[in-house]
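Visitor: I should like a close look at a single part of this structure. Please take one residue as the starting point and then move outward to its surroundings.

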Amino acid sequence: MSKTKTLSEPSDFSNIRDWVFDLDNTLYPHHVDLFAQIDKNMTAYVSTLLQMERDEARKLQKQYYHDHGTTLQGLMIHHKIDPNDFLEKAHAIDYSALTPQPELAAAIKALPGRKFIFTNGSVKHAQAAAGALGILDNFDDIFDIVAADYVPKPAGSTYDKFMSLNRVDTKNAAMFEDLPRNLTVPKALGMKTVLLVPQNLETTVIEWWERTTGDDDHIDYVTDDLTAFLKALA
């Protein structure tokens, strides 16, 4: 991680004209823990579908997530479920933990060029979350798991589809993500990459695949404060 920077340098981003943001644990911080609700709903879905005890269902859910990029993809491959039904039930959550973030909204608005949300969730979920944060109107488009034909990040074909659909010049684009593995392809495509980490990384409980390692050359920047990072680019 010796090459990874923690403070944004405006000169490094002077050519960026397409700004691509993951949603969960990226546009809102990890400590909000909104995803915990989704995680609980997914476990309940697996438990009901396969008539499993909760602990067993959660273990399988996490295995599918690790192996296939999303729990949904694993369930579609192995159990032929209806993805729309899954997404509706997974995202039946309370968004009140999210509050308007006017400084973040202003920082995103000030970025030159286009802004996108690129999520393994649904458009409906992205609209609800970004709307609660007061930042939805600052984005040009949302590319979700449905648009990706249910093939999630980090699959290279999904990035290709997003880039092609939106005519993104990857040499003039930046991607913000909370999962290190989801930045591998963007970096290979020539994008500037920024990893969002929890504000108290040492004390926050996260899965092993969410952690950086000593071999993260595909990560240009690491930050625990998206708003401050973007404001420094103005």
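Guide: In this predicted model, a polar atom of the T223 side chain lies 3.1 Å from the backbone nitrogen of D225. T223 itself belongs to strand β6, which spans residues 221-223. Its relative accessible area is 8%, so T223 counts as buried, the cut-off being under 20%. Setting aside residues up to four places away in sequence, T223 touches T6, V194, L195, L196, V197 and F229.

One of these contacts of T223, L195, leads to the nonpolar surroundings. L195 is a member of a core of 18 residues, which also includes V20, V168 and A173. That core lies apart from the largest nonpolar core, which has 50 residues. Within the largest core, the residues that touch the most other members are L27, F176 and L230. The greatest contribution to it comes from helix α6 (residues 123-133), with 5 residues. L230, when neighbours within four places in sequence are left aside, is in contact with F21, L104, A107, I108, L111 and F176. In soluble globular proteins, nonpolar side chains tend to be buried together.

Elsewhere, the backbone deserves attention at a few positions. The loop between β3 (141-143) and α7 (156-166) holds P154, which is joined to K153 by a cis peptide bond with omega of about 15°. Y150 lies in the loop between β3 and α7 as well; its phi is positive, near 70°, and Y150 counts as buried at 15% relative accessibility. D33, in the loop between β1 (18-21) and α1 (35-50), also has a positive phi, of about 60°, but D33 is partly exposed, with a relative accessible area of 42%. Most residues other than glycine have a negative phi, and most peptide bonds are trans.

Methods: Residues are numbered from 1 along each chain as its sequence is written. This is a predicted model: local features need pLDDT of at least 70, side-chain atom pairs count only at pLDDT 80 or more; totals for chains, interfaces and linings use all residues. Side-chain values use heavy atoms; hydrogens and water are left out. A nonpolar core is a set of buried Ala, Val, Leu, Ile, Met, Phe, Trp, Tyr and Cys residues joined through side-chain atoms within 4.5 Å. Buried means under 20% relative accessible area, exposed over 50%, partly exposed in between (1.4 Å probe, protein chains only). Helices (H or I, at least four residues) and strands (E, at least two) are DSSP runs, numbered from the N terminus. Contact means heavy atoms within 4.5 Å. A polar contact is a pair of N or O atoms within 3.5 Å; within protein, one must be able to donate a hydrogen and the other to accept it, and residues adjacent in sequence count only if both atoms are side-chain atoms.
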